[in-house]
Amino acid sequence: MANTGESNIVMFPFMAKGHIIPFIALALEIQQKRGYTITFVNTPQNIIYIKSSIPQTQNSSSSFRFLEIPFSSSYHAFALEIENTDVLPFNLIFPFVQASYSLKDSFRSLFCGLVKKQPDNPPLCIISDIFFGWCAEIAHEFGVFHAIFSVIGAFGMGVYYSSFLNLPHKKTNSSEFTLPDFPEASRIHISQLPYSIHEANGSNSISEYVQKVLPAWKDSDAILFNTVEEIDQIGLLYFRRKLGRPVWGIGPILLTDRAGKQTGITKEFCMKWLKTKPTKSVLYISFGSQNTLLPSNMMQLAVALDKSGKNFIWVVRPPIGHNIDSEFEADKWLPEGFESRINEENRGLIVRKWAPQLEILSSKATAAFVTQCGWNSALESLGNGVPLIGWPMAAEQCFTCKYLEEELGVCVEVARGLACEFGNEHILEKIKMVMSGSDKGNDMRRKACEAKQLIQNATKVEDGFKGSSAIAVGEFFNAALLKKEEAKLKSLKI
Ligand SMILES: *[C@@H]1O[C@H](CO)[C@@H](O)[C@H](O)[C@H]1NC(C)=O
Ligand SMILES: *[C@@H]1O[C@H](CO)[C@@H](O)[C@H](O)[C@H]1NC(C)=O
Ligand SMILES: *[C@@H]1O[C@H](CO)[C@@H](O)[C@H](O)[C@H]1NC(C)=O
């Protein structure tokens, strides 16, 4: 359905880069393909980041608006004023999530102001984060459609949702268990649960928070997942059953050309380097914006790379115990002479801070991806047919890794959590398995290529063919427009 007259969509991501970036990608997609204006709501520092990340083409600059929502972390007993999880150690991330509940009243006032400005033409919908399901209540006060946009895949999110609400590990003495409302997820091991779920006990502040925000998903008009029906059906079916709401896979929503990015290496240099390497010969290693390794594991990974003789691109960050944004000191944290030897042999790139990930994954030279199994990274990898070596560290990453390994067969787990320690032989064995033509490695690559086809088809629209995500987006807009029509009729009658 075409958009007539100016119509606005309000977007409200959680304050973490891994959430904000897919929201920006979704905003660009909706603005470009459907002509809506987008109003981003977020805290002042994050608004600056969002603004700088949107490509300033003439075409789009007037289509984005920004509304600042006040937030004071020091009020919630954080030592510093922070607005984004990027600077937090892992044990403080969930308290920060909990503090975000205080945004509710401010959001109501902001949204009320927005509606009053154009009473004849209220926003079409609010699309908010998984942690901001409470926006549904506010949207509905004004007769507006509400959708949650999950930046996490449906399987990983399903296990997270179910284990947080059911706390199955508290009801057994066994280290393995199943989920009462999600048996299809099969067995979960206690070591796969994140810190926040371990801490929840059913009545402490974590649990109180979770019981407020996760069941509130039922109030939403729809749940959108950045995923593809054909590769993530178990999780999507779980939420359809659980919530009795439309649950749509609309992915992959990926940010292809990120503006204003601080890069440790230019895209051109990186691509030129990859072109000199044989097909499927390079291992790409990155743990995302939020994670890093224990000093001992960083050392062991370097030794494994050395012994493997494989080409690699490794995005490094200071190890645990050091400020993640400080300068990376190769002579301290990597084996002696490692970086200069790698440079001399022209065998690897050690990249500080950030690398052009999507370009690296789409290169023919890339053979496999060592990743924390964040969902964005998994989608980017599979969208290019690249198998994964999983090193899940936090939140739902262990569940995603389990799914990629056990259900899709495109991944092998090399380590779990931040605290595990092991020798280089263990890592070396996995690298060899995936990169040196073993049956298992070949099978993973074949399955990753199948996933690639499914992912590419999902958003395709051509004569006589419409992919599942393209259909889902259409259904979502129809539902939102219908609600707007209904609200209009209702107000005319009064
Ligand atoms: C766990 O073990 C304790 C001690 O053996 C026992 O009292 C308790 O009932 C067990 N709990 C469950 C859920 O099996
Ligand atoms: C959970 O933790 C809170 C706070 O530490 C405590 O007061 C409460 O008794 C605990 N509840 C259960 C069921 O263990
Ligand atoms: C992808 O879409 C094409 C039509 O464009 C179809 O012929 C093909 O079978 C699809 N592949 C998969 C794996 O679904």
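A polar contact is a pair of N or O atoms within 3.5 Å; within protein, one must be able to donate a hydrogen and the other to accept it, and residues adjacent in sequence count only if both atoms are side-chain atoms. This is a predicted model: local features need pLDDT of at least 70, side-chain atom pairs count only at pLDDT 80 or more, and totals for chains, interfaces and linings use all residues. Residues are numbered from 1 along each chain as its sequence is written, chains are lettered from A and ligands numbered from 1 in the order in which they are written, and side-chain values use heavy atoms, with hydrogens and water left out.

**Exercise 1. Describe the surroundings of ligand 2.**

Step 1. List the residues near the ligand (a heavy atom within 4 Å). They are Asn201, Ser203 and Asn204.

Step 2. Find the polar partners. Asn201 places a polar side-chain atom 2.3 Å from an oxygen atom of ligand 2. For Ser203, a polar side-chain atom lies 3.0 Å from a nitrogen atom of the ligand.

Step 3. Read the cover. On its own, ligand 2 has 360 Å² of accessible area, and the protein covers 27% of it. Accessible areas come from the Shrake-Rupley method with a 1.4 Å probe; for residues, only the protein chains shown count as cover.

**Exercise 2. State which residues surround ligand 1, and how much of its area the protein covers.**

Step 1. Lys171, Thr172 and Asn173 surround ligand 1.

Step 2. The protein covers 23% of the 360 Å² that ligand 1 has on its own.

**Exercise 3. Work out the shell of ligand 3 and its polar partners.**

Step 1. The shell holds Gln453, Leu454, Asn457, Lys460, Glu462 and Phe465.

Step 2. Sort by type. There are 2 nonpolar, 2 polar and 2 charged residues. Here Ala, Val, Leu, Ile, Met, Phe, Trp, Tyr, Cys and Pro count as nonpolar, Asp, Glu, Lys and Arg as charged, and the others, Gly among them, as polar.

Step 3. Locate the main contributor. Helix α19 (residues 439-458) gives the largest share, 3 residues. Helices (H or I, at least four residues) and strands (E, at least two) are DSSP runs, numbered from the N terminus.

Step 4. Read the distances to oxygen atoms of ligand 3. A polar side-chain atom of Asn457 is at 2.3 Å. An N or O atom in the side chain of Lys460 is at 3.0 Å. For Glu462, the corresponding distance is 2.9 Å. The protein covers 48% of the 370 Å² of accessible area that ligand 3 has on its own.

**Exercise 4. Explain how the buried residues of helix α10 are arranged.**

Step 1. Buried means under 20% relative accessible area, exposed over 50%, partly exposed in between (1.4 Å probe, protein chains only). In α10 (residues 233-243), the buried residues are Gly235, Leu236, Tyr238, Phe239 and Leu243.

Step 2. Look down the axis of α10. The buried residues fall within an arc of 155°, so they line one face of the helix. The arc is taken from the directions from the helix axis to the C-beta atoms.

Step 3. Find the cover. It includes α7 (154-166), β8 (222-225) and β9 (247-249).

Step 4. Check what follows. Gly244 comes after α10, with a positive phi near 60°.

**Exercise 5. Decide whether Glu413 is buried or exposed, and name its partners.**

Step 1. Glu413 sits in strand β15 (residues 411-413).

Step 2. Its relative accessibility is 18%, so Glu413 counts as buried.

Step 3. A 3.0 Å polar contact joins its side chain to that of Arg416.

Step 4. Beyond four places in sequence, the contacts (heavy atoms within 4.5 Å) of Glu413 are Gly390, Pro392, Cys401, Glu405 and Lys430.
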